[in-house]
Amino acid sequence: MSSQNLVTVTPDKDNDEIAIVTMQRPPVNSLNLELLQALSKTLDELSTSDFRAMVLTSASPTVFSAGLDIMEMYKPDLKRAEQFWSTLQDVWLKLFESNLITAAAINGHAPAGGCLLAMSCEYRAMVSGKYSIGLNETALGIVAPRWFMDCMLNTISQREAEIALTTGKLFSVEEALKVGLIDETAKDKEDAINKCLGFIEKFESIPPLPRSMTKQKFRANGVQWLKANKQADIDEFVHFLKFPQVQQSLEMYIHMLKSKQNKSE
Ligand SMILES: CCCC/C=C\CC(=O)SCCNC(=O)CCNC(=O)[C@H](O)C(C)(C)COP(=O)(O)OP(=O)(O)OC[C@H]1O[C@@H](n2cnc3c(N)ncnc32)[C@H](O)[C@@H]1OP(=O)(O)O
């Protein structure tokens, strides 16, 4: 699939000022460099378009996004790893600080980087079912960067976030609702999108500029560190990938994912 098709933008059928942004990198929307580049380009285009709001969702029936593509971190080409991390930083900054009203229709699992994308939006509706969401990095033997943590702190309490991150917790849909990691549950993807549209409707009579400036002021503390330390953060990521223990943990995790699949065959 060409990178152009990895993300589609469709106007909502009843309101052409709302973009439905769909990630479609089968099977699980894992965020590789190309998907991140497509997201970054889409966010640039949306920021200068007539759209005033976006709903982020996925074309997969059971996965919103499986997070970062582990193959980008396992035995990586270091130049590509730098570009990969820098693009992830850009996607996060563009989405977290977007002028648009942003909502996530989470139609399946959203671990790690998938949770980051959802948390970067202003509102989250998640389809009920045996899905999970959270920052599970420690369970993989890796450490979430501090801007992932800052992003979670914009959503849930410091105490809940610290326990969740240190234990690598993946929340069930009910648990996520209870701690405020998601705002509402939905019966299916269509219902999740409708709930996002309901959230967007709240701003019907609010002028866009003061709205987005207010949002950005609330979010300024979270982005300040990354903006001041972009290159140091890239260097730390690349340095971290060079540790044999990190590569070993990733290798074990990849085997676990593959053997999980063999078992269910
Ligand atoms: C300093 C570093 C900081 C890093 C910060 C962030 C880190 C991350 O985001 S790391 C990624 C964390 N993600 C996960 O832990 C999720 C892993 N995946 C799953 O748990 C399941 O795949 C999921 C629940 C999302 C979906 O389950 P299923 O629908 O049952 O699918 P499969 O598990 O069978 O997967 C299908 C296929 O996709 C491959 N896969 C899954 N996730 C990833 C991934 N994140 N990266 C790359 N590839 C992934 C999986 O191995 C299967 O591949 P095949 O065997 O080749 O079909």
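These legends accompany several close-up views of a predicted model.

**View 1. The whole chain and its confidence scores.** Before zooming in, here is how the predictor rates its own work: the mean pLDDT of the chain is 95, and 97% of the residues reach 70 or more. The ipTM is 0.98 and the pTM is 0.97. A word of general caution for any such view: where pLDDT is low, predicted coordinates should not be read in detail.

**View 2. An open sheet of 3 strands.** Follow the strands across the sheet and you will meet them in the order 5-7-8, with mixed pairing. Strand 5 (110-111) and strand 8 (171-172) each have a single partner strand, so they stand at the edges with one side left without a neighbour in the sheet.

**View 3. Strand 5 beside strand 7.** Here strand 5 runs parallel to strand 7 (residues 132-134), and 2 bridges join them. Look for Pro111, which stands opposite Gly134 in strand 7. In general, strands of a sheet pair through backbone hydrogen bonds, either parallel or antiparallel.

**View 4. The residues around the ligand.** There are 28 residues around the ligand, and Ala66, Gly67, Leu68, Ala112 and Gly113 come nearest. Two or more residues of this shell come from helix 9 (230-241), and likewise from helix 10 (244-263).

**View 5. Helix 10 and the make-up of the shell.** Which element gives the most to the shell around the ligand? Helix 10 does, with 4 residues. Sorted by class, the shell holds 17 nonpolar residues, along with 7 polar and 4 charged ones.

Terms used: Residues numbered from 1 in each chain as written. Predicted model: local features only at pLDDT ≥ 70, side-chain atom pairs only at ≥ 80, totals over all residues. pLDDT = per-residue confidence, 0-100. Pairing = 2+ DSSP bridges. Near = placed C-beta within 6 Å. Nonpolar A, V, L, I, M, F, W, Y, C, P; charged D, E, K, R; others polar.
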